[in-house]
Amino acid sequence: MMQRWNRKKAHFPLLVLFFLIFVVVTTFLHSESSIHQIHENPDHVHNHQETSPVTYVKPNLPAQLNRASGILDRFSRCNSTKEYSGRKISSVDRSQQSGSARENLEGCDIFSGKWVYDNSSHPLYNESDCPYMSDQLSCHKHGRPDLGYQYWRWQPHNCNLKRWNVAEMWEKLRNKRLMFVGDSLNRGQWISMVCLLQSVVPADKRSMSPNAPLTIFRAEEYNATVEFLWAPLLVESNSDDPVNHRLNERIIRPDSVLKHASQFEHADILVFNTYLWWRQGPVKLLWADAENGACEELDGLGAMELAMGAWADWVSSKVDPLKKRVFFVTMSPTHLWSREWKPGSEGNCYGEKQPIDVAGYWGSGSDLPTMRMVENLLSRLTSKVSVLNITQLSEYRKDGHPSIFRKFWEPLRPEQLSNPPSYSDCIHWCLPGVPDVWNELLFHLL
């Protein structure tokens, strides 16, 4: 009896071991299956903690917009504000998108590289020679003593950028409309493009319309225009006035780009951007079907995702890539904290004269969750949108901002004047400078 029990004891651990191996293998195979399902359909991940179904809204419906309570402007207000309902914008169907991003076809990542000091080929124009230069960006005119920021050229690691050729660019634009749509960073890129192009057009054959939501530079002999549309949030908002847009309450229609689309839908080449305005705190959402002016409140990233969804819907349904080129410019970084590139310091971009020489440098001015959200959304539009990925290359250029060398629209207080970093502009870019390289990249992709 004792011997039979001892033999049973000897076999028992082996049975336990076989059972454990079976459980582990089964669990592993189940996990692998789940991972494959997520990769095949990354937007469909089961969340057992979800308590209520998500409501999806079809954006850009004209009939629905007509029922909305008027066009938003700087005088618009929310009659009431409630918590975010969780509504989402209907996503673009990947199955309807085909092809791949055009810039990948050449086999070289033009956005990965380094800055090379080159005072023989750069700058591509002189600040004083461009009559359309902005006082916000003309740093030398406003007292910047060093000119080194103008002499840096972007050099991709494994290839060369197409050399800027103004005559060739005009031929690409002949009988076309090139339009930049977005915020003041995009306006800077538009001014850069105008300065790059205007020198070969006789003064009596070119014109600039007065500053307005849509500002147009015309070149008669090419029957071409280079335009800028102020639309900092892409969707309709109460901040769509290009001058009077400093408001305490930011209100958007998260489900409609139709107001702005009426201006840009007939352009041949479109360059969009949006980012910084979503970083200024919560946003009020006034849905097209909202009753009695009732708004919802959402954080900036969530609101940006809704707006980008409405924009993506318009691109997906309206853009024929054989007839229209669409570009999206990724976020332009800021350099507000010098401790990020110079530990122990307490300044910002003020006084900086050299780019950051650390490969892969990434500061807090470029939000990674935002970048991932934009990347995920643009991946659905690869056949219709080319990406101008200016973020990493611009991260290195802490020296390229106006800091104090620009026109300020409000009088500076004595305490500001005594402390230059306190009022330095470390958001926008001097011209000539970094935005010219963005346009060289655009020229390369065109």
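**Figure 1. Strand β6 and its two partner strands.** Strand β6, formed by residues 177-182, is mostly covered, with five of its six residues buried. The model shown here and in the following views is predicted. On one pairing, β6 is joined by six bridges to strand β9 (residues 224-230), and the two strands run parallel. Within this pairing, F180 stands opposite F228 of β9, and G182 has W230 of β9 as its bridge partner. The other pairing links β6 with strand β11 (residues 269-272), also in the parallel sense, over four bridges. Here M179 has L270 of β11 as its bridge partner.

**Figure 2. The open sheet of seven strands.** The strands of this sheet follow the order β7-β8-β9-β6-β11-β14-β15, and their pairing is mixed. At the edges stand β7 (206-208) and β15 (386-388), each of which pairs on one side only. On average, neighbouring strands of the sheet are turned by 15° against each other, direction ignored. Helix α3 packs on this sheet and touches β6, β8 (214-219), β9 and β11. The direction of α3 makes about 80° with that of β9. For the chain as a whole, the count is ten helices and 15 strands.

**Figure 3. The open sheet of four strands.** A further sheet has the strand order β2-β13-β12-β10, again open and with mixed pairing. Because β2 (80-83) and β10 (251-252) stand at the edges with a single partner strand each, one side of each is left without a neighbour in the sheet. Between them in the order, strands β12 and β13 are seen in the close-up. Strand β12 (residues 283-285) and strand β13 (residues 294-298) run antiparallel and are joined by three bridges. In this pair, K284 stands opposite E297 of β13.

**Figure 4. Helix α3 against helix α4.** Helix α3 (residues 166-173) packs with α4 at an angle of about 110°, and the two axes lie 9 Å apart. The angle therefore makes α3 roughly perpendicular to α4. From α3, the residues V166, M169, W170 and L173 meet M193, L196 and L197 of α4. By class, the residues of this contact comprise seven nonpolar, no polar and no charged.

**Figure 5. Helix α4 against helix α10.** Helix α4 (residues 184-198) also packs with helix α10 (residues 434-445), at an angle of about 75° and with the axes 9 Å apart. At this angle, α4 is therefore roughly perpendicular to α10. On the α4 side the contact is made by L185, G188, Q189, S192, M193 and L196, and on the α10 side by P435, D436, W438, N439 and L442. The residues of this contact fall into six nonpolar, four polar and one charged. M193 and L196 of α4 take part in this contact, and M193 and L196 also meet residues of α3.

**Figure 6. Helices α6 and α7.** The axes of helix α6 (residues 300-318) and α7 cross at roughly 20° and come within 11 Å. This small crossing angle makes α6 roughly parallel to α7. The crossing of the two helices is right-handed. Helix α6 contributes L301, M304, E305, M308, G309, W311 and A312 to the contact, while α7 contributes P369, T370, M373, V374, L377 and L378. Ten nonpolar, two polar and one charged residues make up the contact of α6 with α7.

**Figure 7. Q354 and its surroundings.** Residue Q354 lies in the loop between β14 (325-329) and α7 (368-378). Is Q354 buried, exposed or partly exposed? Its relative accessibility is 48%, so Q354 counts as partly exposed. Leaving aside residues up to four places away in sequence, Q354 touches W152, K398 and D399. Of these partners, K398 is 44 residues from Q354 along the chain, and the C-alpha atoms of the two residues are separated by 7.3 Å. Across the protein chain, residues 24 or more positions apart account for 79% of the contacts with a separation of 6 or more. Of the 446 residues of the chain, 50% count as buried.

Methods:
Residues are numbered from 1 along each chain as its sequence is written. This is a predicted model: local features need pLDDT of at least 70, side-chain atom pairs count only at pLDDT 80 or more; totals for chains, interfaces and linings use all residues. Side-chain values use heavy atoms; hydrogens and water are left out. Axes are lines fitted to C-alpha atoms, for helices over the stretch in contact, and angles run from 0 to 180 degrees between N-to-C directions. Angles under 35 degrees count as roughly parallel, over 145 as roughly antiparallel, 65 to 115 as roughly perpendicular and the rest as oblique. Contact means heavy atoms within 4.5 Å. Ala, Val, Leu, Ile, Met, Phe, Trp, Tyr, Cys and Pro count as nonpolar, Asp, Glu, Lys and Arg as charged, and the others, Gly among them, as polar. Buried means under 20% relative accessible area, exposed over 50%, partly exposed in between (1.4 Å probe, protein chains only). Two strands pair if DSSP finds at least two bridges between them. A crossing is left-handed if the near helix is turned anticlockwise from the far one by less than a right angle, and right-handed if clockwise.
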